[in-house]
Amino acid sequence: METVETYVERYALREILSPDLVDALRLVEKEPGTLLIRAGDPARDLFFFVEGRVKAYSTLENGQSVLAAFYKPFDVLGEAELFSSGSYALSVETLTKTVCLRLSAGVVASAAERNVRLLTYLCGRLGAKLTDRMLAESINLRYPVENRLASYLMASMDGDGWIVGTDNLGELADFLGASYRQLARAVAGLRASGVMDRRRGRIRVLDQAGLEPLARDLYAHPGGAEPQGRRREGR
């Protein structure tokens, strides 16, 4: 089992965290299909996302959920609300077994003045994610449902092509900002072209190379947003 120290070294967290913050890091492990962050809950923690795969989404007043992005390590989660004393704006759900290093928001806020590199890093991630969020919100207006579905499939499939997370077409339609009928047509088209299949409610990508030109990485964020500085061996 990996330790906090393992991840600190792997992602060079001492580049941005003072020794007291490194000592305050706590390991958090989540099973697939669980909420790491729930929109509306008090923003009590900052998470350094070090292992797994997650999706971030917003929930509208009518109960529908709209996909914001998929994330892979390394990244930081919960930074947008860190100094607002408010609530989390997005829900973050695990798609695979996920590991994070948690810091109390209060601990971070109290140490902020002597952690300029951490603040610089968080500001950089906030700027990048703001751009990503505006892009994600425009995707539903600019791209056909087939492209949105292809991107979702590429970002959420496992090594064997199976989709991790929901296979429910109604939920997927909400996530992609489409009607059920529009999504069903897109699914039928991809099945007819042989790039995917859906049996017994499960979706599997059969031809990744054929899907890639349609996907265009609309929702995928591959990770690698580790602190600036020397990369550790093996990375």
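Is D20 buried, partly exposed or exposed? In this predicted model, D20 counts as partly exposed, because its relative accessibility is 33%, and the partly exposed class lies between the cut-offs of 20% and 50%. I should like to begin with this residue and its partner, and then turn to the other charged pairs, the sheet, a hairpin and one aromatic residue.

The side chain of D20 meets that of R114 in a salt bridge, with an N to O distance of 2.6 Å. This pair links distant parts of the chain, 94 residues apart: D20 belongs to helix α2, residues 19-24, whereas R114 sits in the loop between α3 (105-111) and α4 (116-142). R114 itself is exposed, because its relative accessible area is 55%, and the class begins over 50%. As general background, side chains of opposite charge can pair when their charged atoms come close.

How many salt bridges does a search of the whole structure find? The search finds eleven. Another of them joins the side chains of E2 and R10, at 2.9 Å from N to O. Both ends of that bridge are partly exposed: E2 has a relative accessible area of 32%, and R10 has one of 28%.

A further salt bridge is formed by D45 and R102, whose closest N and O atoms are 3.3 Å apart. D45 lies in strand β3, residues 45-51, and R102 lies in strand β8, residues 98-104, so this pair ties together parts that are 57 residues apart in sequence. Which of these two residues is buried, and which is partly exposed? D45 is buried, because its relative accessible area is 18%, and the limit for that class is under 20%. R102, with a relative accessible area of 28%, is partly exposed. Beyond such pairs, D75, E79, R125 and K129 are joined into one network by salt bridges that share partners.

Let me now turn to the sheet. Strands β3 and β8 belong to an open sheet of four strands, in the order β1-β8-β3-β6, with antiparallel pairing. Why is one side of β1 and one side of β6 left without a neighbour in the sheet? The reason is that β1 (26-30) and β6 stand at the edges, and each has a single partner strand. From one strand to the next, the twist averages 35°. At the β1 edge, five bridges join β1 to β8, and these two strands run antiparallel. On this pairing, E29 stands opposite V99 in β8. In general terms, the side chains of a regular strand alternate between the two faces of the sheet.

Next, the hairpin. Strand β9, residues 196-199, is joined by four bridges to strand β10, residues 202-205, and the two run antiparallel. The bridge partner of R198 is I203, in β10. Two residues lie between the strands of this hairpin, and R200 in the turn has a positive phi of about 55°.

Finally, I come to F74, which lies in the loop between β5 (65-71) and β6 (75-77). Is F74 buried or exposed? F74 counts as buried, because its relative accessibility is 0%. Its C-alpha atom is separated by 5.6 Å from that of E226, although the two residues are 152 residues apart along the chain.

Notes
Residues numbered from 1 in each chain as written. Predicted model: local features only at pLDDT ≥ 70, side-chain atom pairs only at ≥ 80, totals over all residues. Heavy atoms only, no water. Pairing = 2+ DSSP bridges. Buried < 20%, exposed > 50% of the residue type's maximum accessible area, 1.4 Å probe, protein only. Salt bridge = Lys/Arg side-chain N within 4 Å of Asp/Glu carboxyl O. Axes fitted to C-alpha atoms, helices over the stretch in contact; angles between N-to-C directions.
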